[in-house]
Amino acid sequence: MSVRAEKAQANRQRMRAAAQTLFTSRGYSATSMQAIADEAGMAVQTLYFTFRTKRALLSELLDVAIAGDDEPVPTLERPRVLAAIDNPDPVAQLRELAGIARAIYERVAPVLQVVAHAAPGDPEIHELWMTNNAQRAVVMDRFITALAAKTPLRDGLDTAMATDIALALQSPEMYQFFTTRRGWSPTRWEHWTADALVTQLLPPH
């Protein structure tokens with residue numbers, strides 16, 4: 001990467017960090033592009049040139065928080081996710097699924113809260129929220145389809161119902177409830193979620 005490209009990437013990261021600071025402290029609608037530029041110590045024209053719109057900035061902030069980096073690699077192509085899907089042990093797969101969810105939520109939970117709070121009053125942010133939910137469903141369907149290929153599911157479950165259960169147990173609302181409102185540590189949430197996934201999706205042993 002050239003020096004110029006490295007500087008551009010660093011500036012982009014600084015603008016994202018400034019946006020997250022203000023979005024999480026003031027809320028999305030109360031934060032202007034000018035305020036973000038001021039927080040980042042950059043010209044507002046640079047912010048607009050880089051992201052075009054505040055919605056695009058929030059969308060990238062969400063994507064990077066989910067991925068953990070700014071590499072353009074989809075969730076289902078990332079090594080840890082692929083390794084979990086390919087794990088031949090159904091219980092180990094579900095425990096790794098909970099571990100992946102915990103790692104993502106520890107990064108993305110504050111940004112998801114911004115999106116969730118802004119969505120009811122902003123059609124564009126509502127669309128972003130719905131897109132995020134749809135993407136989670138695609139990833140979960142892949143996990144559950146792989147699980148069902150290795151083992152029978154609990155009696156009465158098909159892959160669609162199992163996917164719905166897994167989505168509910170690992171929803172951002174569930175994570176926020178336990179870790180924010182009830183004071184659970186992310187580790188405790190991960191262990192409870194893993195146990196719940198195993199109990200709800202696999203036959204009793």
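**Helix packing and annotated regions in the predicted model**

Thr-53 is partly exposed, because its relative accessible area of 38% lies between the 20% limit for buried residues and the 50% limit for exposed ones. The structure described here is a predicted model. Thr-53 belongs to the loop that connects α3 with α4, the latter formed by residues 54-67. Between the C-alpha atoms of Thr-53 and Thr-187 the distance in space is 36 Å, and the two residues are 134 positions apart in sequence.

Two annotations from UniProt concern the N-terminal part of the numbering. The record, an unreviewed entry, assigns residues 9-69 to the feature "domain: HTH tetR-type". Over this range the chain is 79% helix and 0% strand, and 12 Å separates the C-alpha atoms at its two ends. The unreviewed entry in UniProt also lists a "DNA-binding region" at residues 32-51. Helix makes up 80% of residues 32-51 and strand 0%, with the end C-alpha atoms 13 Å apart.

Helix α1 spans residues 3-26 and helix α3 spans residues 44-51. The two helices pack at an angle of about 100°, and their axes are 11 Å apart. Since angles of 65 to 115 degrees count as roughly perpendicular, α1 and α3 are therefore roughly perpendicular to each other. On the α1 side, the contact is made by Arg-12, Met-15 and Arg-16, which meet Thr-46, Leu-47, Thr-50 and Phe-51 of α3. Classified by residue type, this contact of α1 with α3 comprises 3 nonpolar, 2 polar and 2 charged residues.

A further set of contacts involves helices α9 and α10. In α9, which covers residues 172-181, the buried residues include Pro-172, Tyr-175, Gln-176, Phe-178 and Thr-179. These buried residues are covered by elements including α6, α7 and α10. After α9 comes Gly-183, which has a positive phi, near 80°.

Helix α10 consists of 16 residues, 186-201. At 1.5 Å a residue, α10 should span 22 Å, which agrees with the 22 Å between its end C-alpha atoms. Buried positions in α10 are Trp-189, Glu-190, Thr-193, Ala-194, Ala-196, Leu-197, Val-198 and Leu-201. In an α-helix there are 3.6 residues a turn, so residues three or four places apart point the same way. The buried residues of α10 pack against α6 (90-118), α7 (123-150), α8 (159-169) and α9.

Note on methods: Residues are numbered from 1 along each chain as its sequence is written. This is a predicted model: local features need pLDDT of at least 70, side-chain atom pairs count only at pLDDT 80 or more; totals for chains, interfaces and linings use all residues. Side-chain values use heavy atoms; hydrogens and water are left out. Axes are lines fitted to C-alpha atoms, for helices over the stretch in contact, and angles run from 0 to 180 degrees between N-to-C directions. Helices (H or I, at least four residues) and strands (E, at least two) are DSSP runs, numbered from the N terminus. Angles under 35 degrees count as roughly parallel, over 145 as roughly antiparallel, 65 to 115 as roughly perpendicular and the rest as oblique. Contact means heavy atoms within 4.5 Å. Ala, Val, Leu, Ile, Met, Phe, Trp, Tyr, Cys and Pro count as nonpolar, Asp, Glu, Lys and Arg as charged, and the others, Gly among them, as polar. UniProt positions are given in the numbering used here, feature names are shortened, and annotations may be inferred rather than shown by experiment. The expected span of a helix is 1.5 Å times one less than its number of residues. Buried means under 20% relative accessible area, exposed over 50%, partly exposed in between (1.4 Å probe, protein chains only).
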